[in-house]
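Open the structure in your viewer and keep the selection tool at hand. This tour goes stop by stop, saying what to select and what is there.

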Amino acid sequence: MARALHIGVLGAMPEEIGSDLSHLQLLESEQHGDLTIHHGTWAEGIRLSLAWSGWGKVSAARAATRLLSSAPDIDLLLFTGVAGAADPALTQWDVVLADAVVQHDMDSRPLFPRFTLPALNRAQLNPDTSWLRWASTALAQAAQEGELDGFGLPSTGLIATGDRFIGDADVLDALREALPGLKAVEMEGAAVAQVAEQEGMPWLVLRVISDGADASAAQSFGDFIQMYDHRAWCLLQALLSRVELAPKR
Ligand code: ADE
């Protein structure tokens, strides 16, 4: 029989974890400087270790590292929260699961090609295919079964991370041109993916579109995040309630 699933969940802001904590039992927390890590149980056989990291790549990488060392039996590291749309077909509430992530502000040219992470000698990082298949199947089923009402249809694609809130159509156009197929932009996912890759840990990045990464992005983001607070748990629950489909540990 497979051992209990243990997922490490990170979000940048409290609103991106939403009410998740209130759904957990046997809650314990530990403090590392200004970072609080919560450990709890959702249902028999599912344990979560959860924290909000703060914005940006450094905070995200630091939280990921702490989270992984706080619970050595974590099976999967999941970063979740909101993102700006880079694909014009996406609108608010659409769900994007990364099948690839890139750090759009990594540039060590001429020593390495643009976007290449010297530590891994790769530009784009891809989640483990069996975990990705699990999450995309779980989300598609949840959508079909009406559990994700109000959310758009989930899709997969490339998500770009950088230490910049994108609120300018020209900046976004330049990123789209440099990164064909780009779906969404955010500020943490690829940093967490890098830590996970270097630690040999499966990872996923799951985002919900909050804004169009254009001139109205800051306003849309601010309005959206208030509403998202109440809904963040739905997405996580869609995954957790389908652990029977998860890769064997
Ligand atoms: N997260 C949500 N919206 C974003 C944007 N427009 N740029 C970067 N990160 C974001």
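The stops below begin at the ligand and then move out to a helix, some loops and a few single residues. Keep in mind that this is a predicted model.

**Stop 1: the ligand**

Select the ligand and show what is around it. Which residues are closest? Of the 13 residues that surround the ligand, the closest are Gly84, Phe165, Ile166, Glu186 and Asp211.

Now look at the nitrogen atoms of the ligand. Start with glycine 84: a polar atom of its backbone is 3.2 Å from a ligand nitrogen. Go on to isoleucine 166. Here too the partner is a polar backbone atom, and a ligand nitrogen is 2.8 Å from it. Then select aspartate 211. This time the side chain is involved: one of its N or O atoms is 2.5 Å from a ligand nitrogen.

How much of the ligand does the protein bury? On its own the ligand exposes 260 Å², and the protein buries 96% of that. Switch on cavities if your viewer can draw them. The largest cavity is the space that the ligand takes.

Next, colour the shell by element. Strand 5 (76-85), strand 9 (182-186) and strand 10 (203-211) are the elements that give two or more residues to the shell. Which of them gives the most? Strand 5 does, with 3 residues. Then colour the shell by class: 8 of its residues are nonpolar, 2 are polar and 3 are charged.

**Stop 2: helix 5**

Select residues 189-199. This is helix 5, and 8 of its 11 residues are buried, so the helix is largely enclosed by the rest of the structure. Which ones are buried? Pick out Gly189, Ala190, Ala191, Val192, Ala193, Gln194, Val195 and Ala196. Step just past the end of the helix. Glycine 200 is there, with a positive phi of about 70°.

**Stop 3: backbone in the loops**

Some background for this stop: most residues other than glycine have a negative phi, and most peptide bonds are trans. The next three selections depart from that pattern.

First, go to the loop between strand 5 and strand 6 and select tryptophan 93. Its phi is positive, about 80°, although tryptophan 93 is not a glycine. Is tryptophan 93 buried or exposed? Its relative accessible area is 13%; the cut-off for buried is under 20%, so tryptophan 93 counts as buried.

Move on to the loop between strand 6 and strand 7. Select phenylalanine 115 in it. Here is another residue that is not a glycine and has a positive phi, of about 75°. Phenylalanine 115 is buried as well, at a relative accessible area of 7%.

Stay in the loop between strand 6 (95-103) and strand 7 (124-125), and select proline 110. Show the backbone between arginine 109 and proline 110. The peptide bond that joins them is cis, with omega near 5°.

**Stop 4: buried residues and distances**

The last stop takes single residues, each with a distance to draw between C-alpha atoms.

Select leucine 172, in helix 4 (residues 169-178). Leucine 172 is buried, with a relative accessible area of 3%. Draw a line to alanine 85. The two are 87 residues apart in sequence, and their C-alpha atoms are 9.3 Å apart in space.

Go to strand 1 (residues 5-11) and select glycine 11. Its relative accessibility is 0%, so glycine 11 counts as buried. Now add histidine 230. It is 219 residues from glycine 11 along the chain, and 14 Å separates their C-alpha atoms.

Strand 6 holds the next pick, alanine 98. Alanine 98 is buried, with a relative accessible area of 0%. Draw the line to leucine 67: 31 residues apart in sequence, 21 Å apart from C-alpha to C-alpha.

Finish with alanine 213, in the loop between strand 10 and helix 6 (217-228). Is alanine 213 buried or exposed? Alanine 213 counts as buried, at 0% relative accessibility. Its line runs to aspartate 73. They are 140 residues apart in sequence and 37 Å apart in space, C-alpha to C-alpha.

Definitions and conventions. Residues numbered from 1 in each chain as written. Heavy atoms only, no water. Buried < 20%, exposed > 50% of the residue type's maximum accessible area, 1.4 Å probe, protein only. Helix = DSSP H or I, 4+ residues; strand = E, 2+ residues; numbered from the N terminus. Near = heavy atom within 4 Å. Polar contact = N/O pair within 3.5 Å; in protein donor to acceptor, adjacent residues only side chain to side chain. Areas by Shrake-Rupley, 256 points an atom, 1.4 Å probe, with all protein chains shown as cover. 1 Å grid on protein atoms, 1.4 Å probe; cavity = no way out; pocket = protein on both sides within 12 Å on 5 of 7 lines; lining within 4 Å. Sits in = over half its atoms within 2 Å of the grid points. Nonpolar A, V, L, I, M, F, W, Y, C, P; charged D, E, K, R; others polar.
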